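Colleague: Before we go through this model, I would like each term explained as it comes up. Please start with the one needed for what surrounds a helix.

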Amino acid sequence: MRILIVEDDRFYSQAIRERLLDRDLEVTAVYSTQEAVMADARSFHGAVIDVMLPNDPSESGITAEESRGGFCAGVCVARRLLTLNPGIRIVLLTSDIVDSEAETWARERSIPFIRKDEGGTALLQIGRAHV
């Protein structure tokens, strides 16, 4: 199973990557919206996406308005991945957004929304059932 990690915090990305590799999953990590939209969405079974990501609109095609100034850039990435690969399973991560537009979007689509302070265990528990 191939999983895409979209997380700008390289330390946190590596921690997620190691946990997924320990479960014999194939993992690719990218660190911005532009890298994520350039990835071959059809080649992934799942994606773990941070909600707030760096975004260069001229490279990603995601406007500052669409990404709410970067506060929902991960949602924009998720939308694009789902458009290109409707079967891809998504998990959204956040560090400090509570009751946000991103969380509402995820809830309406039954996409798991995990706070980073919940730790890797929550990610893996949801990942087993979802990704």
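Modeller: Contact means heavy atoms within 4.5 Å. This is a predicted model, where local features need pLDDT of at least 70, side-chain atom pairs count only at pLDDT 80 or more, and totals for chains, interfaces and linings use all residues. Residues are numbered from 1 along each chain as its sequence is written, and side-chain values use heavy atoms, with hydrogens and water left out.

Colleague: What covers the buried residues of α5?

Modeller: The cover of those residues includes α4 (73-84), β4 and β5. Helices (H or I, at least four residues) and strands (E, at least two) are DSSP runs, numbered from the N terminus.

Colleague: Which residues of α5 are called buried?

Modeller: Buried means under 20% relative accessible area, exposed over 50%, and partly exposed in between, with a 1.4 Å probe and protein chains only. In α5 (residues 101-108), Ala 102, Glu 103, Trp 105 and Ala 106 are buried.

Colleague: Why are they said to line one face of the helix?

Modeller: Seen down the axis of α5, the buried residues fall within an arc of 160 degrees, so they line one face. The arc is that of the directions from the helix axis to the C-beta atoms. An α-helix has 3.6 residues a turn, so residues three or four places apart point the same way. The face of α5 turned away from the buried side carries Arg 107 and Glu 108, which are exposed.

Colleague: What makes the contact at the start of α5 a polar one?

Modeller: A polar contact is a pair of N or O atoms within 3.5 Å; within protein, one must be able to donate a hydrogen and the other to accept it, and residues adjacent in sequence count only if both atoms are side-chain atoms. Here a side-chain oxygen of Ser 100 reaches to within 3.3 Å of the backbone nitrogen of Ala 102.

Colleague: How do you know that β4 pairs with β3 and β5?

Modeller: Two strands pair if DSSP finds at least two bridges between them. Five bridges join β3 (residues 46-50) to β4, and three join β4 to β5 (residues 113-115). Ala 47 has Ile 90 as its bridge partner in β4, while Leu 93 has Ile 114 in β5.

Colleague: What is the order of the strands in the open sheet?

Modeller: The order is β2-β1-β3-β4-β5, with parallel pairing. What makes β2 (26-30) and β5 edge strands is that each pairs on one side only.

Colleague: Is β4 mostly covered or uncovered?

Modeller: Mostly covered: five of the six residues in β4 (residues 89-94) are buried.
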